[in-house]
Amino acid sequence: MKNVNEKKVFMYLGNIGPVAGIPFLIESFSNLDAKLIIAGSGSHKDHCIEIANKYQHLDIEFLDVPAGKVAEVQSMADVMLLPIVNGAASTSIPSKLPAYMFSKKPILVMAEVDSDSSLSVINAQCGWVEEYGNTNKLKNTIDSILKMEDVKLKKMGLAGFNYALENFSKSNNLNKLKMEVLN
């Protein structure tokens with residue numbers, strides 16, 4: 001069980017590449033009383049570590065994710081982060097969105113509001129959506145999350161889990177496809 005005095009943990013877990021927008025996350029968390037975990041690997045990881053090193057006061061940790069340990073790493077988070085640089089969110093839903101939902105954690109999406117990722121979080125009522133690139137609005141949203149009780153966060157995470165079961169699970173989608181083929 002989490003100590004009442006511990007910081008809330010915000011986590012990005014996935015590929016640390018050009019579309020992820022991790023430098024924006026680091027900048028946005030630079031003056032907040034929260035822990036930021038960047039878990040994963042990718043072509044921009046070293047660059048992101050260099051940026052993070054400029055913010056000595058920032059409570060940030062970069063983690064590798066061993067094979068088969070995604071769920072274990074996600075369990076460390078209070079809130080999952082899904083930044084998607086402008087223009088990239090309109091083409092697909094990143095595979096990490098259903099994985100985040102299945103982790104029963106609320107999600108903070110930073111992408112175009114009309115993207116499928118944003119709309120999924122809005123429809124599931126499992127998190128928040130902010131436009132990518134607006135640091136001030138993102139900091140305000142994070143400040144409000146920091147004030148939320150853990151019970152509310154868990155309720156939102158469960159809403160995402162239920163939405164994922166209904167919309168992203170293999171068994172439900174196979175049944176939907178069968179029904180379409182039969183009709």
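## A tour of the aromatic pairs

Start by selecting F24 and Y132: both are buried. Keep in mind as you click around that this is a predicted model.

Show the two side chains as sticks. F24 and Y132 make a tilted aromatic pair, with 4.6 Å from centre to centre and 55° between the planes. Now turn on the cartoon. F24 belongs to helix α1 (residues 22-28), while Y132 sits in the loop between β6 (127-130) and α6 (135-146), so this pair ties together parts that are 108 residues apart in sequence. The model has 3 aromatic pairs in total, and the next stop is another of them.

Select F102 and F161. Their ring centres are 6.0 Å apart with the planes at 80°; since an angle over 60 degrees counts as edge-to-face, that is what this pair is. On the cartoon, you'll find F102 in helix α4 (residues 96-102) and F161 in helix α7 (residues 150-167), so here the pair ties together parts that are 59 residues apart in sequence. Put a surface on and check F102: this residue is partly exposed, at 33% relative accessible area.

Stay with F161 and add K104 to the selection. K104 lies over the face of the F161 ring, 4.6 Å from the ring centre.

Last stop: jump to S30, in the loop between α1 and β2 (35-39). Buried or exposed? S30 is buried, because its relative accessible area is 7%, which falls under the 20% cut-off. To see what is around S30, select Y55, H57, L58 and K139: S30 touches these four, leaving aside residues up to four places away in sequence.

Technical notes:
Residues are numbered from 1 along each chain as its sequence is written. This is a predicted model: local features need pLDDT of at least 70, side-chain atom pairs count only at pLDDT 80 or more; totals for chains, interfaces and linings use all residues. Side-chain values use heavy atoms; hydrogens and water are left out. Rings of Phe, Tyr and Trp (its six-membered ring) pair if their centres lie within 6.5 Å; planes under 30 degrees apart count as stacked, over 60 as edge-to-face and the rest as tilted. Helices (H or I, at least four residues) and strands (E, at least two) are DSSP runs, numbered from the N terminus. Buried means under 20% relative accessible area, exposed over 50%, partly exposed in between (1.4 Å probe, protein chains only). A charge sits over a ring if NZ of Lys or CZ of Arg is within 6 Å of the ring centre and within 35 degrees of the ring normal. Contact means heavy atoms within 4.5 Å.
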